[in-house]
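Subject: Structure handover

Hi,

Here is the structure I promised to pass on. My notes on what turned up follow right below it.

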Amino acid sequence: MKREEKKAIAFAIFKAGLSAVNPEKAVRRVLVREKGLLKIGEKTCRLNSFERIFVVGAGKASALMAKAVEEILADRITKAVVIVKDGYTENTRKIKLREAAHPVPDERSLKASREILEIRSEAGEKDLVLCLFSGGGSSLMELLPENISLYDLQRTTEQLLKSGANIEEINTIRKHISRVKGGRLASCAYPARVFSLILSDVPGDPLEFIASGPTVYDSTSFSDAIKIINKYELKDKLPSGVLQYLDKGKKGEVAETPKAGSPVFDRVENIIVGSNLLAAEKAVEKARQMGFNSLVLSSQIQGEAREVAKVFSGILKEIRLSRNPLSPPACVVAGG
């Protein structure tokens, strides 16, 4: 088989996986309008049971998610703001798309987030707030406590990204220097009915760490955030305002993020609409259709890409030499 033919086959398999997590398709799988009913995941609601519908969100994929929502609910949307990465916008009429910086937040992130918070605080018990979150949401949506500046946030983000900390550790700290992350956005919307459609970019799909879990109860604490700072020796690299705020939180002088059992979350549904595992499974399905012995090795690979590539090279050599874990023609799929 010629090199170009092999590349075409590999691309077809990759494309099948990517198509499975297309943001528009992902939303349409779980958000369906039929006559006077609105199906959201496994829940079915009467549209006229909601006086108003608000749409908010943030993430690199959220523009396409917003486009799908608008096509389904345009005539019922009261107000809507979704924050997207620069250049990732789409044509929407009812949903306002606000561009901001990624991966380090800028002033536009704060300004657009204030708009979102205003919408959330306006919602009442008979209203629906539909949230759209994807990877990148942690950077794009942010509001800060009074004693932390935008510069403090930017410096902290830069140091965390350089530190070698994983996404769960990074987002643990982000959640504890924020007014919208770690379930705080859900608190602001209470007692409105909240549905969050979430496109996961975190291995294992832990809801509280995707976009730093704006509508999910938080299992981490200020103490956890400080432990992470000590683990990666960041104390001398982070702004004093951030360190002081976290220390106040540890001492109980600043309120913790909302925890499991809070009545706020009785009104919230968080739904994964797409994930790394789904993409990997669809890629394997395509590979089998093309005649390959195929498997998902893992959807939770983490680490430096160059080092992971060495492991994959070893697996491919093993397949050729010993036919483990598959016999040729083989296709091994992994993600993370």
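Strand S2 (residues 37-40) has two unlike sides: Leu38 and Ile40 make up its covered face, while Leu37 and Lys39 sit on the uncovered one. Strands here, like helices, are DSSP runs numbered from the N terminus (E, at least two residues, for strands; H or I, at least four, for helices). As a general point, side chains in a regular strand alternate between the two faces of the sheet.

Before I go on, some ground rules: this is a predicted model, where local features need pLDDT of at least 70 and side-chain atom pairs count only at pLDDT 80 or more, while totals for chains, interfaces and linings use all residues. Residues are numbered from 1 along each chain as its sequence is written, and side-chain values use heavy atoms, with hydrogens and water left out.

**The three-stranded sheet**

S2 belongs to an open sheet of three strands, in the order S1-S2-S3, with antiparallel pairing. Its edge strands, each pairing on one side only, are S1 (31-34) and S3 (43-46). Averaged over neighbouring strands and ignoring direction, the turn of one against the other is 20°. Two strands count as paired if DSSP finds at least two bridges between them.

S1 and S2 are joined by four bridges, and Val32 stands opposite Lys39 in S2. Their hairpin has two residues between the strands, and Lys35 there takes a positive phi near 55°. Four bridges also join S2 to S3, again antiparallel. On that side, Leu37 has Arg46 as its bridge partner, and Ile40 stands opposite Lys43. The S2-S3 hairpin has two residues between the strands as well, with Gly41 at a positive phi near 65°.

Which helices lie across S1 and S2? Helix H2 (residues 23-30) is one, running at about 55° to S1. Helix H3 (residues 62-73) is another, at about 10° to S1. For those angles, axes are lines fitted to C-alpha atoms (for helices, over the stretch in contact), and values run from 0 to 180 degrees between N-to-C directions.

**Salt bridges**

The count comes to 23 salt bridges, taking one as a side-chain nitrogen of Lys or Arg within 4 Å of a carboxyl oxygen of Asp or Glu. Three pairs caught my eye.

Lys43, from the sheet above, pairs with Glu269, with the closest N and O atoms 3.6 Å apart. That links distant parts of the chain: Glu269 is in strand S9 (residues 268-274) and Lys43 in S3, 226 residues away. Glu269 is partly exposed at 25% relative accessible area, and so is Lys43 at 38%. The cut-offs are under 20% for buried and over 50% for exposed, with partly exposed in between (1.4 Å probe, protein chains only).

Asp86 and Arg108 form another salt bridge, with N and O atoms 2.7 Å apart at the closest. Asp86 lies in the loop between S5 (77-85) and S6 (96-100), and Arg108 in helix H4 (residues 107-122), so the pair ties together parts 22 residues apart in sequence. Asp86 is partly exposed at 35%, and Arg108 is partly exposed at 35% too.

Then there's Asp218 with Lys259, at 3.7 Å between the closest N and O atoms. Is Asp218 buried or exposed? Asp218 is buried, at 1% relative accessible area, whereas Lys259 is partly exposed at 29%. Both residues belong to a salt-bridge network that also includes Lys175, Glu208 and Glu256.

**Helix H6**

The 14 residues of H6 (residues 150-163) should span 20 Å at 1.5 Å a residue, and the end C-alpha atoms are indeed 20 Å apart. That expected span is 1.5 Å times one less than the number of residues. Buried residues in H6 are Leu150, Asp152, Leu153, Thr156, Thr157, Gln159 and Leu160. Their cover includes H4, H7 (167-175) and H10. Just past the helix, Gly164 takes a positive phi of about 95°.

**One last spot: Ala16**

Ala16 is in helix H1 (residues 3-20) and counts as partly exposed at 21% relative accessibility. Which residues does Ala16 contact, leaving aside neighbours within four places in sequence? They are Lys282 and Lys286, where contact means heavy atoms within 4.5 Å. Ala16 and Glu281 are 265 residues apart in sequence, yet their C-alpha atoms are 9.5 Å apart in space.

Cheers
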